[in-house]
Structures are given as C-alpha cells and as structure tokens.
Amino acid sequence: MRVLGIETSCDETGVAVYDSERGLLAHALYSQIDIHAEYGGVVPELASRDHVRKLLPLIQQVMAESGSTPAGIDGVAYTAGPGLIGALMVGATLSRSLAYAWKVPAVGVHHMEGHLLAPMLEAQPPAFPFVALLVSGGHTQLVRVDAIGRYELLGESLDDAAGEAFDKAARMLDLDYPGGPQVAKLAEQGEDGRFVFPRPMVDRPGLDFSFSGLKTYTLNTVAAHALADGLPDQQTCADIANAFQTAVVSTLVVKCRRALEHTGMKTLVIAGGVSANKKLRADLEQALAKIGAKVFYARHEFCTDNGAMIAYAGCQRLLAGQQEPLAVNVRARWPL
Ligand code: KG4
Ligand code: ZN
C-alpha cells in the first residue's frame, strides 16, 4: 500500500509518500519559521495562509521524487488534530479532495500518534510493547504502547509541556523562536552546577509532570542577575540555560525510568520536538543502560513535525481498515 501523508497542524508544511513494501519513498518539509520569528511565536492566521500557498507545490514535488502517479497512490493521510484549526483545515480539506478525485480512502491521523510512530521509520525500529515519552511543544506524556492504536496514558504534564517551557525560557533569555534548540545550544557554553534549578515533582510518586514552577524559577534567576538592559551577562545567560535544561532533562529521565520500572518494560521510545535534544538522549541512554533498558528515537528531522510520520501512521491505519467519510473533521484538542 502506498500512502501520501500530509502534516499542517502548526508551522511546518510536511508531505511524504510511504510504501508499506518499500518504506519511505520521498518527503519534503517547508518550515514557516521566518514568517513567525518576528512575532516570537506562531501566528495562526499566517500559518493557515502559508500552508495554502505551499502545500500543492510540495505535493507535486514529493509525488515526482517518489516516482508516484495518482494511480499509484492507495490512500491519503492527513493530520486531523490536535493543532491550530485553520492550519489543520488546509491539510485536511486538500487531502480529502485529492482522495475523492483519486477515488482512494482518506484517513485522519492523530498528530501525537504520528510522533509516537516516527521511530518506526528507522532502520532498527523498536518492537512492541514499549513505553513512549511524547515531548513536544504542546504535550508531555508517558504512554504505554502495546500495539498501533493500543495506547494507555501513564502520566502527563499538569501545566506546561516541556517544549513550551523551553520556548518560554528562550524568551526570558532573549533567544529567537523556536526556543528549544537555541536554549540547548546556549546551554553547551554554560558551566555545569553554577545554578541548580528545582526538579519539579520528582520526589512525588506517580508519573505526572509540572514545568510551570521551573519557569518561574528561571524568570526569577534571570531577574536577580539582570544588568541595565534587563538581561544577565552572556556567561550567566548560558549558565541559566544549562541549569534549566539540566532540570528539565533530569525530571524527564527520572519519570521515564520510573515508568519502565512500573510497567516492567525494557524499551523506551522518545518522540516529539524535544526528543531532538542531545542531552536528553545522552542522559536517557546512560540511565537506562543501568537497568538493562534501551531508548529509541527518530532521526533528527523526524523528531519535529514532518509528513513522513503522518504517511507512516496513516498507512498503518488504512491497512487496519480505517477510513474517513467525505465530511472533513479536524480537532484542536484530541486525546490520544
Ligand atoms: O513536535 P514539535 O515539532 O511540534 C509540536 O507538536 O509541538 O515540537 C516543537 C517543540 C518546540 O517547543 C521546540 O522548542 C522543541 O520542540 N524543541 C526542542 C529541541 N528541538 C525542538 N527542545 C529542546 N531541545 C531541542 N533540541
Ligand atoms: Zn508535533
């Protein structure tokens, strides 16, 4: 089965063709970062408009690169939520229309299921069952995954998502949007241990997270060391970024390890934008080796939003017999 996958939930237009026999045939991504950078975050209306402009040319490109003709496509998968409604509607409407014209089924994919399954596109994919840590700009969740479509929520953030906390810390340090990679880069120049930030909720039992207290702590530390321009000196900014990243990463590591111990599983999958974080990957690898467990993640470009994960997840859903009626339904909020 060959599936065209389309992702437009936020500020990336992602398109891919996945073939269940031959694997990923082609993928392309257009990022709107430059459009939103001057506003310090995603402007929903501008996002929708740009998806409209970019989507068809990108589909044409990926169809050509994958050597596909409409007659060779067996289904169209699109992100149906969660995300920005206008942005989702662009991908959903175009996908539904293409499927109608090509007389093939369409399937709406949960964005986080896409992230969750992205590591399946790697040469050595994880085997079911496993525990997944979904860490993106909108979600921080620990999920027990027994098979595709069989998910059980083990714990989640009670307030900000980890990626959102990274983005907010970046703003406090006057770094560009999107903040996560910028904080991570600055943290490399920071001195380990100059500041020690609190690890939220690690002393409490359970698998939930909370990052809003850490955000306030970061803000207070920035304010306490601010110079005349409102920012601490460059080294202090790097030291704060380092302490912030260390606190987020150790919190995530503690909870992942606990989730594996609770479930008795030995496989952890990390997915979503924050799973691109090098310190998170390294610290998890080290901590899990001690308990004989292994961590899997997608290649860097498939950690953040992309069309390949939607094409893959959609293909699995279509193979399982799922498809959508003609009406287009998207959801801003949607539990996994
Ligand atoms: O999965 P994603 O592309 O979009 C959502 O579904 O939210 O995740 C984006 C989030 C942003 O908050 C971004 O700052 C964060 O992932 N992020 C990172 C890194 N790369 C992306 N956070 C920390 N370290 C990184 N290297
Ligand atoms: Zn995402």
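In this predicted model, Gln245 is found in helix H8, which spans residues 234-263. Its relative accessible area is 8%, so Gln245 is buried, the limit for that class being under 20%. Setting aside residues up to four places away in sequence, Gln245 touches Phe166, Ala184, Ala187, Asn277 and Lys279.

One of these contacts of Gln245, Phe166, leads to the aromatic pairs. A search of the whole structure finds six of them. In one, the ring centres of Phe166 and Phe244 lie 5.2 Å apart and the planes stand at 90°, so the pair is edge-to-face. Phe166 belongs to helix H5 (residues 162-172) and Phe244 to helix H8, so this pair ties together parts that are 78 residues apart in sequence. Both rings are on buried residues: Phe166 has a relative accessible area of 3%, and Phe244 is at 1% relative accessibility.

Another pair is formed by Phe197 and Tyr217, whose ring centres are 5.0 Å apart; the planes meet at 65°, so this pair is edge-to-face. The pair links distant parts of the chain, with Phe197 in the loop between helix H6 (179-188) and helix H7 (212-224), and Tyr217 in helix H7, 20 residues apart. Phe197 is buried, with a relative accessible area of 2%, whereas Tyr217 is partly exposed at 38%. Ring pairs also bring in Phe195, which forms a cluster with Phe197 and Tyr217. The two pairs compare as follows.

| Ring pair | Distance between centres | Angle between planes |
|---|---|---|
| Phe166 and Phe244 | 5.2 Å | 90° |
| Phe197 and Tyr217 | 5.0 Å | 65° |

An aromatic ring also takes part in an arrangement with a charge: the charged end of Arg281 sits over the ring of Tyr297, at 3.9 Å from the ring centre.

Helix H5 also holds Lys168. This lysine, Lys168, is partly exposed, with a relative accessible area of 29%. Leaving aside neighbours within four places in sequence, Lys168 is in contact with Asp160 and Lys215. Lys168 and Gly179 are eleven residues apart in sequence, and their C-alpha atoms are 7.4 Å apart in space.

The zinc ion (ligand 2) has three protein donors, namely His111 (NE2), His115 (NE2) and Asp305 (OD), at 2.0 to 2.1 Å from the ion. Along the chain, the donors of this zinc ion follow the spacing H-x3-H-x189-D. His111 lies in helix H4 (residues 111-117), while Asp305 is in the loop between strand S10 (294-297) and helix H10 (307-319), so the pair ties together parts that are 194 residues apart in sequence. His111 counts as buried at 7% relative accessibility, and Asp305 counts as buried at 12%.

The remaining topic is a pocket. The second largest pocket has a volume of about 240 Å³. Its lining is made up of 16 residues, of which Gly108, His110, Gln322, Arg331 and Trp334 lie nearest the centre of the pocket. The elements that contribute two or more residues to this lining are strand S4 (75-81) and strand S5 (106-110). Strand S5 gives the most to the lining of the second largest pocket, with three residues.

Methods. Residues are numbered from 1 along each chain as its sequence is written. Chains are lettered from A and ligands numbered from 1 in the order in which they are written. This is a predicted model: local features need pLDDT of at least 70, side-chain atom pairs count only at pLDDT 80 or more; totals for chains, interfaces and linings use all residues. Side-chain values use heavy atoms; hydrogens and water are left out. Donors are N, O and S atoms within 2.8 Å of the metal (3.2 Å for Na, K and Ca); water is not among the atoms, so sites may look incomplete. Helices (H or I, at least four residues) and strands (E, at least two) are DSSP runs, numbered from the N terminus. Buried means under 20% relative accessible area, exposed over 50%, partly exposed in between (1.4 Å probe, protein chains only). Contact means heavy atoms within 4.5 Å. Rings of Phe, Tyr and Trp (its six-membered ring) pair if their centres lie within 6.5 Å; planes under 30 degrees apart count as stacked, over 60 as edge-to-face and the rest as tilted. A charge sits over a ring if NZ of Lys or CZ of Arg is within 6 Å of the ring centre and within 35 degrees of the ring normal. On a 1 Å grid over the protein atoms alone, a cavity is a set of points where a 1.4 Å probe fits but cannot get out, and a pocket is an open set with protein on both sides within 12 Å along at least five of seven lines; lining residues have an atom within 4 Å of a point. Grid points are joined across faces, edges and corners, and a volume is the space filled by probe spheres set on the points.
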